[in-house]
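Reader: Could you take one part of this model and describe it closely, from what follows it to what it packs against? Please give the cut-offs as you go.

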Amino acid sequence: MRIIGILGGYACLGLSFLIVVEILARKLFNFSLQGVDEIGGYVVAITGTFGMALAATARAHTRIDVLLLRLPKRIQAGLNLLAYVALGLGAAFMAYMGWRTLSDSLAFGSVSSSPLQVPLWIPQSLWLAGLLLFGLTALWMALRGLAALRNGLDAADRVLAPPSIAEEIEEARK
Amino acid sequence: MIDPYGAAIGFAIMLGLMFIGLHVGVAMLATGVLGALVYFGPPVLLSFGTNLWSVMNDFLLTTIPLFVLLGELLLRAGITQKMYDSLTDWLSRLPGGLLHTNIGACAMFSAVSGSSVATAATIGTVALDEFQRRAYHEPLVLGTIAAGATLGILIPPSVNLIIYGALTNTSIGQLFAAGILPGLLLTLLFMVIIAAAVLLKPSLAERPGPPAPRHERLARLRHLIPPLAIFVVVMGAIYGGWATPTEAAAIGVVMAFFLAMGNGALNFSMLHAAFIATMKTSAMLLFIITAAFFLNFIVGLLGVPQAMSRVITDLGLSATEMILILVLFYLVMGCFLETLSMMVGTIPVVMPVILHLGIDPVWFGIFLVIMMELALITPPVGMNLYVVQGVRNRGELADVYRGILPFVAAMLAMIGLIILFPQIVMLLPEVLY
């Protein structure tokens with residue numbers, strides 16, 4: 001999963017340099033590289049869905065824990081499991097819509113309406129792969145949580161409970 | 001078409017799903033799906049269709065990972081301590097001494113970073129270390145950091161304003177311009193409150209020692225240049241009209257990259273840590289934004305905007321009365337909801353009301369962000385309070401609660417000011433656009 005974050009980061013850093021080069025070319029030499037904004041859109045869509053999988057393993061997707069933390073431990077564990085199963089279903093729902101988009105693009109041979117003329121199935125299949133990975137990761141987390149339950153509620157908490165403040169600070173200082 | 005009760009029940013269901021701990025994005029997706037199934041049937045769900053791709057593939061949203069990356073790089077660029085020291089040179093002679101440095105450092109740092117947790121944690125670490133050796137009233141020290149760290153979501157570039165702009169179709173450039181004056185004014189209000197408190201009760205702060213020699217202070221001033229330069233170039237690029245917000249963010253990233261390199265802070269482990277943090281945060285945001293777009297789409301089909309407009313017409317509320325109600329509404333919501341979820345989750349029902357009453361969406365965006373700042377520092381879930389207490393790692397949370405009170409008052413005063421004088425918000429966008 002780390003590798004997703006690292007590759008995605010390089011993609012964003014690379015995109016930034018590309019944009020700056022484009023601005024300089026446009027301003028100084030009156031010459032425009034075509035399609036940088038289009039590439040930017042693909043980078044966000046693809047790193048975004050793969051990043052969602054990364055964020056799921058890191059428990060970084062936002063949850064409201066104000067009530068949760070006040071419930072009995074057992075119920076918390078149940079709701080944590082429910083949350084990750086539902087996250088998997090939510091991702092599956094998005095992936096289903098993504099699949100319909102991709103199959104339309106394939107059926108009509110859609111290309112982007114820009115000078116780049118990118119066949120849309122290329123970025124869209126990567127994007128869809130990210131959505132699928134997101135769904136699988138969420139369900140994998142739920143399974144890990146379920147398995148950890150055998151070692152008690154605290155063990156399951158370490159897998160699925162929303163990160164504590166101490167963990168968030170630790171994260172921010174990394 | 002949905003009636004107002006149906007809309008209220010839908011909103012309550014969404015909050016309920018959030019409170020039982022479902023992920024915020026999932027709660028919004030599920031509410032949208034439920035609404036579509038109850039009122040229309042399954043085919044409507046598919047009519048969202050290719051919107052999912054166009055939402056995520058939007059160049060505007062490219063802005064988000066880039067601004068997040070800018071903040072993460074800056075956080076690790078090795079400038080925090082030096083920046084803090086240089087600000088101390090100039091601000092510590094005001095009554096309240098180092099307390100002003102906290103506010104100034106937070107304002108400056110969070111302006112470019114945009115994450116209040118990261119700001120509170122970073123400045124908190126530097127500042128609390130500094131205060132260890134000094135005789136300041138501790139609650140006030142904690143309060144300045146928790147409150148100062150909220151400034152980033154108001155002072156542009158702000159990721160929260162980008163998300164608001166994307167969801168409500170409001171110009172990011174105008175929103176950024178609108179955030180500047182209220183951001184500066186709030187910073188000033190904080191400093192006035194500190195000075196007033198210390199003048200009334202001198203024991204709250206140490207007397208400032210003799211300042212460092214002038215040439216030293218001037219030499220250290222260069223440490224303030226990098227964050228200021230990034231701010232000026234990024235904002236200047238947008239208002240000079242030669243870059244879109246996304247392009248400006250890219251320029252900021254490149255500047256932060258070279259800044260870190262110049263400071264010798266750049267290496268693979270630093271870069272990779274920044275990358276992973278960026279991907280996690282921006283994907284988390286993208287998931288919520290996508291879910292919000294989906295929910296907004298269904299809410300529009302259901303006719304919630306029309307239903308809300310009818311309610312407002314029937315109640316006969318004026319714009320000002322409505323805003324006062326919303327102040328209370330967001331104060332209460334802020335006690336339970338995480339701030340971004342509060343904004344994104346309420347936009348589908350609140351925005352139609354705002355537009356119906358003829359309230360400017362740019363003004364409302366700033367209002368909403370100040371309400372979010374308040375939520376960050378009001379108990380029981382004010383995130384910044386916990387972060388500052390977590391960094392401090394000793395004593396009672398109650399100290400932070402006591403220290404934050406003056407700043408809560410300042411923010412409420414700020415809300416009053418922008419209601420009475422909307423020009424504070426609207427002046428810059430009107431001049432620049």
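Author: Asn393(B), with a positive phi near 60 degrees, comes straight after helix α20(B), a helix here being a DSSP run of H or I with at least four residues, numbered from the N terminus. The model is a predicted one, in which local features need pLDDT of at least 70 and side-chain atom pairs pLDDT 80 or more, while totals for chains, interfaces and linings use all residues. Residues count from 1 along each chain as written, chains are lettered from A and ligands numbered from 1 in written order, and side-chain values rest on heavy atoms, without hydrogens or water.

The helix itself, residues 383-392 of chain B, is mostly covered, since seven of its ten residues are buried (under 20% relative accessible area, with a 1.4 Å probe and protein chains only). These are Asn384(B), Leu385(B), Val387(B), Val388(B), Gln389(B), Val391(B) and Arg392(B). Their cover includes α6 (165-173) of chain A as well as four helices of chain B, namely α8 (116-132), α9 (138-148), α19 (361-377) and α21 (397-420).

One of these partners, α9(B), packs on α20(B) at an angle of about 125 degrees, and the two axes, lines fitted to C-alpha atoms over the stretch in contact, lie 9 Å apart. The two helices are therefore oblique to each other, the word for angles outside the ranges under 35, 65 to 115 and over 145 degrees. From α9(B), the residues in contact (heavy atoms within 4.5 Å) are Glu138(B), Leu142(B), Ile145(B) and Ala146(B), and α20(B) meets them with Asn384(B), Leu385(B), Val388(B) and Arg392(B).

Technical notes: Buried < 20%, exposed > 50% of the residue type's maximum accessible area, 1.4 Å probe, protein only. Axes fitted to C-alpha atoms, helices over the stretch in contact; angles between N-to-C directions.
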